[in-house]
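Good morning, and thank you for coming. I should like to take you through one structure, beginning with the overall fold and ending with a few individual residues.

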Amino acid sequence: MVAAPLLGRLGDNIGTHKILIFGFLLQIACFIPSAFVTNPWQLGILRFIIGIGNASLFPQVQTLLTKNTPSMLTGRIFSWNQSFMYIGNIFGPLIGGTVAGLWDYAQVFLSTAGLVFINMILFIFNVFYPLEHRDK
């Protein structure tokens with residue numbers, strides 16, 4: 001609740017797409033050490049920081065969708081966004097449970113960091129670079 005408005009304001013000043021890159025990097029930087037925690041406090045602190053990463057991702061994605069979608073397609077685009085978010089809410093725990101069952105809980109955090117990294121690379125090439133070149 002505290003981080004999202006501050007990051008939104010910062011995104012308005014420096015660019016929403018830059019805040020998204022920050023969010024991806026912050027989450028990767030927290031998921032990797034989460035695999036090696038030795039007590040619940042360490043995991044709690046890292047999960048709190050991951051929440052800040054979420055605050056830099058979800059509102060910024062919606063801002064980018066609003067800024068870059070023609071007004072007559074906004075409803076359809078937001079429907080797709082919400083649908084895929086809920087699909088992720090279903091498949092994320094299923095994949096996490098499968099990974100934990102096949103290996104261990106540490107691998108859940110490492111594989112999540114890998115998936116966030118893949119998403120960041122896709123975002124950089126499909127959104128970040130095109131927006132950077134369009135703005136110049």
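The protein chain has five helices and zero strands. Please bear in mind throughout that this is a predicted model. Read from the N terminus, the order of elements is α-α-α-α-α. The C-alpha trace spans about 45 × 30 × 25 Å along its principal axes. The chain has 136 residues, of which 32% count as buried. If we take contacts between residues at least 6 apart in sequence, 69% of them join residues at least 24 apart.

Let me turn to helix H3, which covers residues 40-68. Its 29 residues reach 41 Å from the first C-alpha to the last, close to the 42 Å expected at 1.5 Å a residue. At the N-terminal end, H3 is capped by Asn39. A side-chain oxygen of Asn39 lies 2.9 Å from the backbone nitrogen of Trp41.

Which residues of H3 are buried? They are Leu46, Ile50, Gly53, Ala55, Ser56, Leu57, Gln60 and Leu64. As a general point, an α-helix has 3.6 residues a turn, so residues three or four places apart point the same way. The cover over the buried residues of H3 includes helix H1 (3-14), helix H2 (16-34) and H5.

How, then, does H3 sit against other helices? I shall take H2 to begin with. The axes of H2 and H3 come within 8 Å and cross at roughly 155°. An angle over 145 degrees counts as roughly antiparallel, and H2 and H3 are therefore roughly antiparallel to each other. H2 passes H3 in a left-handed crossing.

Next comes helix H4, residues 74-102. H3 and H4 pack at an angle of about 155°, with their axes 10 Å apart. By the cut-off just given, H3 and H4 are therefore also roughly antiparallel to each other. The crossing of H3 and H4, however, is right-handed. On the H3 side, the contact is made by Val61, Gln62, Leu65 and Thr66. On the H4 side, the partners are Ile77, Phe78, Asn81 and Gln82.

I shall close with three residues of helix H5, which runs over residues 105-134.

The place of Met120 is in H5. Is Met120 buried or exposed? Its relative accessibility is 7%, and because buried means under 20%, Met120 counts as buried. Leaving aside residues up to four places away in sequence, Met120 touches Ile21, Phe24, Leu25 and Ile28. Met120 and Ile28 are 92 residues apart along the chain, yet their C-alpha atoms are separated by 9.7 Å.

Val108 also belongs to H5. With a relative accessible area of 18%, Val108 is buried. Its contacts, again not counting residues up to four places away in sequence, are with Gly96, Val99 and Ala100. From Val108 to Phe31 the C-alpha distance is 9.1 Å, although the two are 77 residues apart in sequence.

Finally, Leu122 lies in H5 as well. At 47% relative accessibility, Leu122 counts as partly exposed. Leu122 and Leu10 are 112 residues apart in sequence, and their C-alpha atoms are 23 Å apart in space.

Thank you for your attention.

Definitions and conventions. Residues are numbered from 1 along each chain as its sequence is written. This is a predicted model: local features need pLDDT of at least 70, side-chain atom pairs count only at pLDDT 80 or more; totals for chains, interfaces and linings use all residues. Side-chain values use heavy atoms; hydrogens and water are left out. Helices (H or I, at least four residues) and strands (E, at least two) are DSSP runs, numbered from the N terminus. Buried means under 20% relative accessible area, exposed over 50%, partly exposed in between (1.4 Å probe, protein chains only). Contact means heavy atoms within 4.5 Å. The expected span of a helix is 1.5 Å times one less than its number of residues. A polar contact is a pair of N or O atoms within 3.5 Å; within protein, one must be able to donate a hydrogen and the other to accept it, and residues adjacent in sequence count only if both atoms are side-chain atoms. Axes are lines fitted to C-alpha atoms, for helices over the stretch in contact, and angles run from 0 to 180 degrees between N-to-C directions. Angles under 35 degrees count as roughly parallel, over 145 as roughly antiparallel, 65 to 115 as roughly perpendicular and the rest as oblique. A crossing is left-handed if the near helix is turned anticlockwise from the far one by less than a right angle, and right-handed if clockwise.
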